[in-house]
Amino acid sequence: MNVASDEAAMALALAEAQKGDAAPNPHVGAVVVKDGVVLGRGFHLRPGEHHAEVAALRDAGEAARGATLYVTLEPCNHHGRTPPCTEAVLTAGISRVIVGVRDPNPHVAGGGNDRLRAAGVEVIEGVCEADCAALVASWAKHVRTGVPFVRLKLATSLDGRIAAANGSSQWITGELARREVHALRRRADAVLVGIGTALADDPSLTARDAPAIEARSPARRVVVDSEARLPLAAKLVETARQIPTWVFVADDAPADRVTALERAGVRVARIPRASRGLDLRAVLTRLGAEGVVELLVEGGGVIAGALVEAGLVDELDWFTAPIVLGEGGRPSLVGPSPESPAVARRFSLVSATRVGEDTWLVLRP
C-alpha cells in the first residue's frame, strides 16, 4: 500500500490505534513507510504486550532500516512492563520519526523525542495532532490528575426525561442506540450508576451487544449507594463474583448491610458525605487510584446532575429519542438551577449522529 503524505500515513496509524484493548494504557498505532510504501503496521494489543512501535517495526523487518516511523503518541523512553520504544527505533535503523502528539505525562513529556534527536534521528511533531490527542484524552487526564476521564451517558426523550412518571424507562431509545451504549461500556474501565437507577432498573451493566476483544464487559461496575441499600437479590450483587462490583457508601452506612454486601462478593468503600449524597470527587479520586482511567456514568438524574454541577464531566454522550414524556417524566439532570443562562454550564458540540430513529450528540465542556 502507498501513502502520498505524512497526514495520510498518520491516518493509517490512527486506524491501527483503534485496534486492541490497551486499557489502562493508551491506544497507540504506528506504521513504517519508505518511499511512500507501507512496510509495517502495529498497535498496542494489551498491557504487557509489545507497544505499537515495536509491533510495526517487527512487521517491517529489515526493510525498516532507513525508513520513516509514524506513531500517534511519542515513543516511550523508560522501562515499564516492556523496554523503551526509543531503543527499538534506534536498533531498527529508522531515520525519521513522525509523532502525532507528545506524551502528556508531565514527568516524561518530550523525553522520547529528545532521545531520538540526540541519536541523530529526525523527529517531527504535531502531525494530525488533534486526532491523536483525542485518541488518548482519557489516559492523558488520568496521568495528569490521577482521576478518571468521566463520560456521562444520557438516554432521554425530546423533553429531557429519562423515565415516565411511573419510573418506566425501557426502552426510551431504540436497539441501535442501545448497541452504541454497550460499545461505550466495553471501552470503559468502569460503569457507574446511582442507587436510584440500580433499584429502578436492576441493571447488569454488561456489554452484551458489543463485539468483544477480550472478556471485559466492563472491567468494573460501580454503584454510589450512601446507605448500602443495594439488594442482595440485585443482578449486580448476584454476579459480583464474576464481574468486579464496587459499592461506595457513606462513612456511617449501616454496618449490617455493608457486611452482607461484602459476604456476597461486593467490594464496599466508605466515602465522606457531601451536601447531597456522597462526595463525588472523593469517589473519582478513589477510582483513579485503583486504575480506572475511563469511567462511564449511566445515571440517574441525581448523579448526573451532581457531576455536571461540580464540573466533573469530561464528555456528555446524549442519546435523544423522538418521543415526549411530559412534565411528569423524570428529569435527566437533577440539581439547582443557575441564576441565568449566562452563567449556566455550557457544552460544545463535538458530533451529531443519527442512530436509527434516535440522535447521538457528543458534547464537551
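**Entry 1: strands 6, 12 and 8**

I began with strand 6 and strand 12, which run parallel and are joined by 4 bridges. The model I am reading is a predicted one, and I keep that in mind throughout. For a single pair to look at, I took Phe149, whose bridge partner in strand 12 is Glu294. Strand 8 also runs parallel to strand 12, with 3 bridges between them, and here I noted that Ala190 has Leu295 of strand 12 as its bridge partner. I then asked which residues of strand 12 are buried on its two sides. Glu294 and Leu296 are buried on one side, Leu295 and Val297 on the other, and both faces of the strand are thus covered.

**Entry 2: the whole sheet**

Next I followed the pairing outwards and found an open sheet of 9 strands, in the order 11-10-9-8-12-6-13-16-15 and with mixed pairing. Its edges are strand 11 (267-271) and strand 15 (348-355), each of which pairs on one side only. From one strand to the next the twist averages 20°. I also looked at strand 6 (residues 149-156) with strand 13 (residues 315-320), a parallel pair joined by 6 bridges, in which Thr156 has Thr320 of strand 13 as its bridge partner.

**Entry 3: helices on the sheet**

Helix 6 (residues 137-145) packs on this sheet, where it touches strand 6, strand 12 (294-297) and strand 16 (358-364), and its direction makes about 135° with that of strand 6. Helix 7 (residues 175-187) lies across strand 6, strand 8 (190-194), strand 12, strand 13, strand 15 and strand 16, and it runs at about 160° to strand 13.

**Entry 4: Arg286**

I then turned to Arg286, which sits in helix 11 (residues 280-289). Is Arg286 partly exposed or buried? It counts as partly exposed, because its relative accessibility is 32%, and buried would require a value under 20%. Setting aside neighbours within four places in sequence, I found Arg286 in contact with Phe248, Arg267 and Ala269. I also checked Ile271, which is 15 residues from Arg286 in sequence and lies 9.1 Å from it in space, C-alpha to C-alpha.

**Entry 5: the largest nonpolar core**

Which residues touch the most other members of the largest nonpolar core? Among its 39 residues, they are Val32, Ile94 and Val97. At least two residues of this core come from each of helix 1 (6-17), strand 1 (29-34), helix 2 (52-60), strand 3 (68-73), helix 3, strand 4 and helix 5 (129-135). Helix 1 gives the most, with 6 residues. I listed the contacts of Val32 beyond four places in sequence, and they include Val37, Leu39, Ala56, Leu57, Leu69 and Ile94. As a general remark, nonpolar side chains tend to be buried together in soluble globular proteins.

**Entry 6: helix 4**

Last, I went through helix 4 (residues 111-118), where Gly112, Asn113 and Leu116 are buried. Seen down the axis of helix 4, these buried residues fall within an arc of 100°, so they line one face of the helix. In general, an α-helix has 3.6 residues a turn, so residues three or four places apart point the same way. What do the buried residues of helix 4 pack against? I found helix 3 (85-92), strand 4 (96-101) and strand 5 (122-125) as their packing partners. Just after helix 4, I noted that Gly120 takes a positive phi of about 95°.

Definitions and conventions: Residues are numbered from 1 along each chain as its sequence is written. This is a predicted model: local features need pLDDT of at least 70, side-chain atom pairs count only at pLDDT 80 or more; totals for chains, interfaces and linings use all residues. Side-chain values use heavy atoms; hydrogens and water are left out. Buried means under 20% relative accessible area, exposed over 50%, partly exposed in between (1.4 Å probe, protein chains only). The arc is that of the directions from the helix axis to the C-beta atoms. Contact means heavy atoms within 4.5 Å. Two strands pair if DSSP finds at least two bridges between them. Axes are lines fitted to C-alpha atoms, for helices over the stretch in contact, and angles run from 0 to 180 degrees between N-to-C directions. A nonpolar core is a set of buried Ala, Val, Leu, Ile, Met, Phe, Trp, Tyr and Cys residues joined through side-chain atoms within 4.5 Å.
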